Amino acid sequence: MNLQTLIQKINELDNDYAVIKKAAQYIRQGEVVAFPTETVYGLGANALDGETVRKIFYAKGRPSDNPLIVHIASINEIYQLVNGVPPKALKLMEAFWPGPITIILEKSSIIPDEVTAGLDTVGIRMPSNEIARVFIKECGVPIAAPSANRSGRPSPTTAQHVMEDMQGRIPFIIDGGECSVGLESTVLDLTSNIPTILRPGGITQEMLETVLGDVQVDKRVLTPPVKGERVKSPGMKYTHYAPKAPVTIVQGNPDAIAKHIKASAMQYISQGKKVGILATEETYTLYEDIKASVLIMGTRSRLSTIASKLFADLRQFDDLGVDIILAEGVGTKDEGLAIMNRMLRAAGFHVINI
């Protein structure tokens, strides 16, 4: 695979609409295009064309048993893609669309098996990013899209991240600036008796319960999958979002976490290792007297700040060339559930509880 990859910036949609038209032309020609959303950059293709969708898996090196999410530009488009829209789905769409939530429903016959990994369900979402919606509308078809990174790598939150992973593998990248949310959408399964979060995101369990009442979290959100287990959502595999260096998460009281990480870092440094520390604003000063690469991922008092930077920080450790990453864990309330879901998979579930 050795394509020429073009990247074009959109500063203002009205002035730069030619970029949208060019990207949509690639889609109509059966190609794959990277585009921005509010969560992460997506790697999009015509969701109604199974042969084209296979190009996404090829570009990412993604296993074919990992389903994709279908992106739409307006609510009316969902009706042709699923077998019925239940009242709970209508409530969710009214409350959170456009926005970072994917709704899983029974798929209609026009959705090819390549999109759903052979499942009889499909995830649909309508992004709030205006560039994404205008792009989908211009394409004239729903767009199947996972995150625009090589499989297993941290998801891209800038066009440059996409270029790092996809140069020579796709023909076109829409540069719409930095993503605001920073973690992929919440995936909610409405085909189970109780609405079930399969992948947590910016729309939290607490927010969903204000609209739907009882909402449960799939046990695999914070635990590794069983070998051979069939997954219903992207992001449920054992290892995802991983930087090049191995990651260890330390969980517990913040002060105890910092003390343990500092001691571990000093031990690794004494062995000649280059250490990266993923710290919070509350504790980062505790690491100032050791020779480690410390990145501040955000504050525990506002977890959305951590969510928005997590993937970018993991990629920055690649640029810094660290040998080991020690990461502070956070609680699992609100956005913390999504943060820990991504961190656990980035670490291959290597956790030390203090």
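What is the handedness of the crossing of α3 and α7? The crossing is right-handed, a term applied when the near helix is turned clockwise from the far one by less than a right angle (anticlockwise would be left-handed). The contact is made by K88, K91, L92, A95 and F96 of α3 together with M207, L208, V211 and L212 of α7, contact meaning heavy atoms within 4.5 Å. These residues comprise seven nonpolar, no polar and two charged (nonpolar: Ala, Val, Leu, Ile, Met, Phe, Trp, Tyr, Cys and Pro; charged: Asp, Glu, Lys and Arg; polar: the others, Gly among them).

The model is predicted, with local features requiring pLDDT of at least 70 and side-chain atom pairs pLDDT 80 or more, while totals for chains, interfaces and linings use all residues. Residues are numbered from 1 along each chain as its sequence is written, and side-chain values use heavy atoms, without hydrogens or water.

An open sheet is formed by five strands in the order β14-β13-β15-β12-β16, with parallel pairing; strands pair if DSSP finds at least two bridges between them, and strands (E, at least two residues) and helices (H or I, at least four) are DSSP runs numbered from the N terminus. β14 (293-296) and β16 (351-353) each have a single partner strand, so one side of each lacks a neighbour in the sheet. Four bridges join β12 (residues 247-251) to β15 (residues 324-328), and V250 stands opposite E328 in β15.

Helix α9 (residues 303-320) packs on the sheet, touching β13 (275-279), β14 and β15, and its direction makes about 165 degrees with that of β14. Angles run from 0 to 180 degrees between N-to-C directions, with axes fitted to C-alpha atoms, for helices over the stretch in contact.
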